[in-house]
Amino acid sequence: MSSYIESMDYEIFIRRAFNCGYDKHNSKNANFKNLIDTERGSTHTRILGSFEKQLAQIKNNIEKAILRFLKRSPTSEEKSQLDYLQTHLNQAQSTEELKHLLKFGVEVTARYKDLIK
């Protein structure tokens, strides 16, 4: 699977959280695609920064999105799932882990899917 396709849940999750357009709030899927490519050995790290630096930034963006969802009066089940997502986000150390968490996050926030600008 291409890293472009693998990175789409990142963009969807961020854009849903902030109800924003493409590339607002660092939502552009290219940010996550670059992380995937770097982890796979891409040599663009001089431009993009190390894997660790990119990972920290992506996790920070996801955490901001989770906090935004938590401010939107989630149901008790959604709150529990978002709390789970936040806890596991802090422990994630690979793009595979993040992809699973983002897929889960997209499922948890499905009721917001029609709000994206």
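**Entry 1: helix 3**

I began with helix 3, residues 29-39, and looked up its buried positions: N29, F32, L35, I36 and T38 are buried there. I note that the model is predicted. Just past helix 3 I found G41, with a positive phi near 110 degrees.

**Entry 2: burial of helix 2**

I turned to helix 2, residues 8-18. Eight of its 11 residues are buried, so I record helix 2 as largely enclosed by the rest of the structure. The buried residues are Y10, E11, F13, I14, R15, R16, A17 and F18. I then asked what covers the buried residues of helix 2. The cover includes helix 3, helix 5, helix 6 and helix 7. N19 follows helix 2, and I noted its positive phi, near 45 degrees.

**Entry 3: helix 2 against helix 5**

I described each helix packing by the angle between the two axes and the distance between them. Helix 5 spans residues 51-70, and it packs with helix 2 at an angle of about 40 degrees, the axes being 8 Å apart. That angle makes helix 2 oblique to helix 5. I logged the crossing of helix 2 and helix 5 as left-handed.

I next listed the residues in contact. From helix 2 these are Y10, F13, I14, R16, A17 and F18, and from helix 5 they are I58, N61, I62, K64, A65, I66, R68 and F69. Sorted by class, the contact of helix 2 with helix 5 holds 10 nonpolar, one polar and three charged residues. I observe from the two lists that Y10, F13, I14, R16, A17 and F18 are buried residues of helix 2 and also meet helix 5.

**Entry 4: helix 5 against helix 7**

I then examined helix 5 with helix 7, which pack at an angle of about 10 degrees with axes 12 Å apart. Helix 5 is therefore roughly parallel to helix 7. This crossing of helix 5 and helix 7 is left-handed. On the helix 5 side I found F51, L55, I58, K59 and I62 in the contact, and on the helix 7 side T95, L98 and L102. By class, I have six nonpolar, one polar and one charged residues in the contact of helix 5 with helix 7. I marked I58 and I62 of helix 5, which appear in the contact with helix 2 and in the contact with helix 7.

**Entry 5: aromatic pairs**

I described each ring pair by the distance of the centres and the angle of the planes. With centres within 6.5 Å taken as a pair, the count comes to four aromatic pairs. I looked up two of them in detail.

The ring centres of F69 and Y112 are 5.3 Å apart and the planes stand at 45 degrees, so I entered this pair as tilted. F69 belongs to helix 5 and Y112 to the segment after helix 7 (95-108), so the pair ties together parts that are 43 residues apart in sequence. Both F69 and Y112 are buried.

Y84 and F104 form an edge-to-face pair, at 5.5 Å centre to centre with 70 degrees between the planes. Y84 lies in helix 6 (residues 76-91) and F104 in helix 7, so this pair ties together parts 20 residues apart in sequence. Are Y84 and F104 buried or partly exposed? Y84, at 41% relative accessibility, counts as partly exposed. F104, at 24% relative accessibility, counts as partly exposed.

Finally, I asked which residues form one aromatic cluster. F13, F69 and Y112 do. In this cluster, F13 is a buried residue of helix 2, and F69 and Y112 are buried.

Methods. Residues are numbered from 1 along each chain as its sequence is written. This is a predicted model: local features need pLDDT of at least 70, side-chain atom pairs count only at pLDDT 80 or more; totals for chains, interfaces and linings use all residues. Side-chain values use heavy atoms; hydrogens and water are left out. Axes are lines fitted to C-alpha atoms, for helices over the stretch in contact, and angles run from 0 to 180 degrees between N-to-C directions. Helices (H or I, at least four residues) and strands (E, at least two) are DSSP runs, numbered from the N terminus. Angles under 35 degrees count as roughly parallel, over 145 as roughly antiparallel, 65 to 115 as roughly perpendicular and the rest as oblique. A crossing is left-handed if the near helix is turned anticlockwise from the far one by less than a right angle, and right-handed if clockwise. Contact means heavy atoms within 4.5 Å. Ala, Val, Leu, Ile, Met, Phe, Trp, Tyr, Cys and Pro count as nonpolar, Asp, Glu, Lys and Arg as charged, and the others, Gly among them, as polar. Rings of Phe, Tyr and Trp (its six-membered ring) pair if their centres lie within 6.5 Å; planes under 30 degrees apart count as stacked, over 60 as edge-to-face and the rest as tilted. Buried means under 20% relative accessible area, exposed over 50%, partly exposed in between (1.4 Å probe, protein chains only).
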